[in-house]
Amino acid sequence: MDRLVLIKEQLPMRERSYTDQQGQQKVFVSTGFVLTDGINTMFAEAVGDMARALDQQKPDLTIPHLVTFELSCREWLDQQQQRRFENGVRIVRMA
């Protein structure tokens, strides 16, 4: 999905260590953004190389950017065994 948005805020890049399924130590890198199209506001995250590139680039907050998103939905059971859902918005390209 592509959308023309303004960046309201770019959060600092974060790196978190984790162990993958093969027992290897890995690092998950992400940079969060608060974006708006003038009507809707959303939080979206760039990960990996895209997160590093946008962290170095520091996109201009005063101009609109064309952003390509990957949307996902995660389902889980809470402590009361109720089904819960969470939407995820991942930035795959920003121009």
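This report walks through a predicted model of a single chain, from its overall make-up down to a handful of residues.

**Overall layout**

Let us begin with the fold as a whole. The chain holds 1 helix and 6 strands, and read from the N terminus these elements follow the order β-β-β-β-α-β-β. Along the principal axes, the C-alpha atoms occupy a box of roughly 40 × 35 × 20 Å. Of the 95 residues in the chain, 28% are buried. The accessible surface amounts to about 6800 Å², and carbon and sulfur atoms contribute 49% of that area.

Contacts tell you how the sequence folds back on itself. Taking the contacts with a separation of 6 or more, 49% join residues that are 24 or more positions apart.

On the charge side, the chain carries 12 positive and 13 negative side chains. The centres of these two sets are 2 Å apart.

**Rings and charges**

If you like to look for ring interactions, how many aromatic pairs does a search of the whole structure find? The search returns 0 aromatic pairs. A ring does take part in another kind of arrangement, though: the charged end of R74 sits over the ring of W76, at 4.2 Å from the ring centre.

**Two loop residues with positive phi**

Backbone angles come next. Most residues other than glycine have a negative phi. Against that background, K58 has a phi near 50°, a positive value in a residue other than glycine. K58 belongs to the loop between α1 (48-57) and β5 (65-77).

Q81 also has a positive phi, near 65°, and is likewise a residue other than glycine. Its place is the loop between β5 and β6 (83-94). Is Q81 buried or exposed? Q81 counts as exposed because its relative accessibility is 53%, and the cut-off for exposed is over 50%.

**Four residues in helix and strands**

Now for some residues inside the regular elements. The table gathers the C-alpha separations for four of them.

| Residue | Partner | Separation in sequence | C-alpha distance |
|---|---|---|---|
| G88 | L71 | 17 residues | 5.7 Å |
| D55 | V34 | 21 residues | 14 Å |
| V5 | T41 | 36 residues | 9.2 Å |
| H65 | E15 | 50 residues | 25 Å |

V5 is part of strand β1, which covers residues 2-10. Why does V5 count as buried? The reason is that its relative accessibility is 1%, and buried means under 20%. Setting aside residues up to four places away in sequence, V5 touches L35, T36, D37, I63, P64, H65 and V67.

H65 appears in that list of partners, and H65 itself lies in strand β5. With a relative accessibility of 6%, H65 counts as buried. The residues H65 touches, again leaving out those up to four places away in sequence, are R3, L4, V5, I7, P59, D60, M94 and A95. So the touch between V5 and H65 can be read from either residue, because each list of partners names the other one, where contact means heavy atoms within 4.5 Å.

The helix offers an example too. D55 sits in helix α1 and is buried, with a relative accessible area of 18%. Not counting neighbours within four places in sequence, D55 is in contact with Q10, M13 and T31.

G88 rounds off the group. Strand β6 is the element that holds G88. Which class does G88 fall into? At 25% relative accessibility, G88 counts as partly exposed. Beyond its neighbours within four places in sequence, G88 is in contact with E70, L71 and S72. L71 is thus both a contact of G88 and its partner in the table, with the C-alpha atoms 5.7 Å apart.

Technical notes:
Residues numbered from 1 in each chain as written. Predicted model: local features only at pLDDT ≥ 70, side-chain atom pairs only at ≥ 80, totals over all residues. Heavy atoms only, no water. Phe/Tyr/Trp six-rings, centres within 6.5 Å; stacked < 30°, edge-to-face > 60°. Lys NZ or Arg CZ within 6 Å of the ring centre and 35° of its normal. Helix = DSSP H or I, 4+ residues; strand = E, 2+ residues; numbered from the N terminus. Buried < 20%, exposed > 50% of the residue type's maximum accessible area, 1.4 Å probe, protein only. Areas by Shrake-Rupley, 256 points an atom, 1.4 Å probe, with all protein chains shown as cover. Lys, Arg positive; Asp, Glu negative; His and termini not counted. Charge placed at Lys NZ, Arg CZ, Asp CG, Glu CD.
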